[in-house]
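Welcome, and please take a moment to look over the structure below. The report after it goes through a few individual residues, the overall build, the domains and one pair of helices.

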Amino acid sequence: MAEQELTLEKTEKANDPNEVVIEIKNLKKSFGNKDVLKDINLDVHRGENVVVLGRSGQGKSVTIQCIVGMLVPDGGTLRVFGDDVVDLGEKELKELRMKIGFLFQSGALYDSMTVRENLEFPLTRVLKVTDQSELDQRVEEILTSVGLADAADKMPSDLSGGMRKRAGLARTLIIKPEIMLYDEPTTGLDPITSREISQLILEMQKKYKTTSVIITHDMECARITADRVVIMNEGEYIAEGTFEEMLKSDNELAKSFFKDIS
Ligand SMILES: Nc1ncnc2c1ncn2[C@@H]1O[C@H](COP(=O)(O)OP(=O)(O)OP(=O)(O)O)[C@@H](O)[C@H]1O
């Protein structure tokens, strides 16, 4: 096949909303005699934002850690971009992780580095970018995108909680991941800042066409960001639908999450 056709095929695939990017079937994971994931089934399509709701300790973070190969499941299959994660060798796992951005609750900035240095770090270490003008241009672009254009030379300790979250998001997005995994992105923020971060997550999905899994307890975050909501309970996904569908769900647990939403 001609090189041009191959490129076209790749581009079409990269934009195909029907492509299943993350495919989870009958996933199981136990720690000792504690069965945390009993039977998780989920398809995440390209460009989609899936919000996972569940009470504390239900295995939401464990699911995310399985997706990036940090934990090895005990059963079931877990494919990312069509590859079975369990079968990947070290090198392939490293390549996969380069396509996945992971935003932890803490935001994960290095306190001893300026914002600019924090952002340059994944570019130089992961993508091996050495050209200073490219580094400057990419740092400026991402900081502008997250609304922190003037903060490049500040230290993390000089930033508010919301700004730190934005900088953490910028640091994750700067390598242009195809998948974003958010673990409680609005925890610890006041309601107004939480809403701003949720809106930013939505904007970044549209701008960078990322596929995202968002774990949250924040219903406003779910309302703003979710194309689809799944509810997790006792190691299984028990209900799913759009935010509006879940709002009207007869499922008792869904009702308990949505009871204060008007
Ligand atoms: N590496 C591990 N070793 C042993 N047990 C673990 C490990 N990781 C998670 N667990 C246990 O698995 C269960 C699910 O944890 P997980 O962090 O996935 O919950 P969660 O649904 O994300 O909760 P939260 O909303 O509080 O973050 C917990 O009981 C936890 O103690």
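## A buried threonine to begin with

Thr-172 counts as buried because its C-beta atom has 23 C-beta neighbours inside 10 Å. The rule behind this word is that a residue is buried if 20 or more other C-beta atoms lie within 10 Å of its own, exposed if 12 or fewer, and partly exposed in between, with C-beta atoms placed from the backbone. You will find Thr-172 in helix H6. Helices (H or I, at least four residues) and strands (E, at least two) are DSSP runs, numbered from the N terminus.

Before going further, please note that this is a predicted model: local features need pLDDT of at least 70, side-chain atom pairs count only at pLDDT 80 or more, and totals for chains, interfaces and linings use all residues. Residues are numbered from 1 along each chain as its sequence is written.

Which residues does Thr-172 touch, not counting residues up to four places away in sequence? They are Gly-101, Phe-102, Leu-103, Pro-177 and Met-180. Here, two residues are in contact if their C-beta atoms, placed from the backbone, lie within 7 Å. Phe-102 is 70 residues from Thr-172 in sequence, yet the two C-alpha atoms are 6.6 Å apart in space.

## The protein as a whole

Now let us step back. The protein has ten helices and ten strands. Its C-alpha trace spans about 55 × 50 × 40 Å along the principal axes. A compact globule of 262 residues would have a radius of gyration near 18 Å, and the 19 Å of the protein agrees with that. This radius is taken over C-alpha atoms, and the globule rule is 2.2 Å times the number of residues to the power 0.38.

Of the 262 residues, 36% count as buried. Among the contacts with a separation of 6 or more, 65% come from residues 24 or more positions apart.

## Two domains

The protein is divided into domain 1 (21-99 + 182-262) and domain 2 (111-176). These bounds come from an automatic or database domain assignment. Between the C-alpha centres of domain 1 and domain 2 there are 26 Å. Eleven residues from domain 1 and eleven residues from domain 2 take part in the contact. On the side of domain 1 that touches domain 2, the residues divide into seven nonpolar, two polar and two charged. In this grouping, Ala, Val, Leu, Ile, Met, Phe, Trp, Tyr, Cys and Pro count as nonpolar, Asp, Glu, Lys and Arg as charged, and the others, Gly among them, as polar.

## A pair of crossing helices

At what angle do the axes of helix H4 (residues 115-125) and helix H5 (residues 132-145) cross? They cross at roughly 115 degrees and come within 10 Å. Axes are lines fitted to C-alpha atoms, for helices over the stretch in contact, and angles run from 0 to 180 degrees between N-to-C directions.

H4 brings Arg-116, Leu-119, Glu-120 and Leu-123 to the contact, while H5 brings Leu-135, Arg-138, Val-139 and Ile-142. Together the residues of this contact divide into five nonpolar, no polar and three charged.

## More residues to find

Two lysines have a positive phi although neither is a glycine: Lys-176 at about 50 degrees and Lys-209 at about 55 degrees. Lys-176 sits in the loop between helix H6 (161-173) and strand S7 (179-183). The loop of Lys-209 runs between helix H7 (191-208) and strand S8 (211-215).

Helix H7 also holds Ile-201. Not counting residues up to four places away in sequence, Ile-201 touches Tyr-182, Pro-185, Ile-214 and Thr-225. Ile-201 and Pro-185 are 16 residues apart along the chain, and 9.1 Å separate their C-alpha atoms.

Asp-227 lies in the loop between helix H8 (219-225) and strand S9 (228-233). With the same neighbours in sequence left out, that is, those up to four places away, Asp-227 touches Glu-48, Asn-49 and Val-50. Val-51 is 176 residues from Asp-227 in sequence and 7.8 Å from it in space, C-alpha to C-alpha.

The table gives the C-beta counts for several residues.

| Residue | Other C-beta atoms within 10 Å | Class |
|---|---|---|
| Ile-201 | 24 C-beta atoms | buried |
| Asp-227 | 16 C-beta atoms | partly exposed |
| Lys-176 | 14 C-beta atoms | partly exposed |
| Lys-209 | 14 C-beta atoms | partly exposed |
| Lys-94 | 12 C-beta atoms | exposed |
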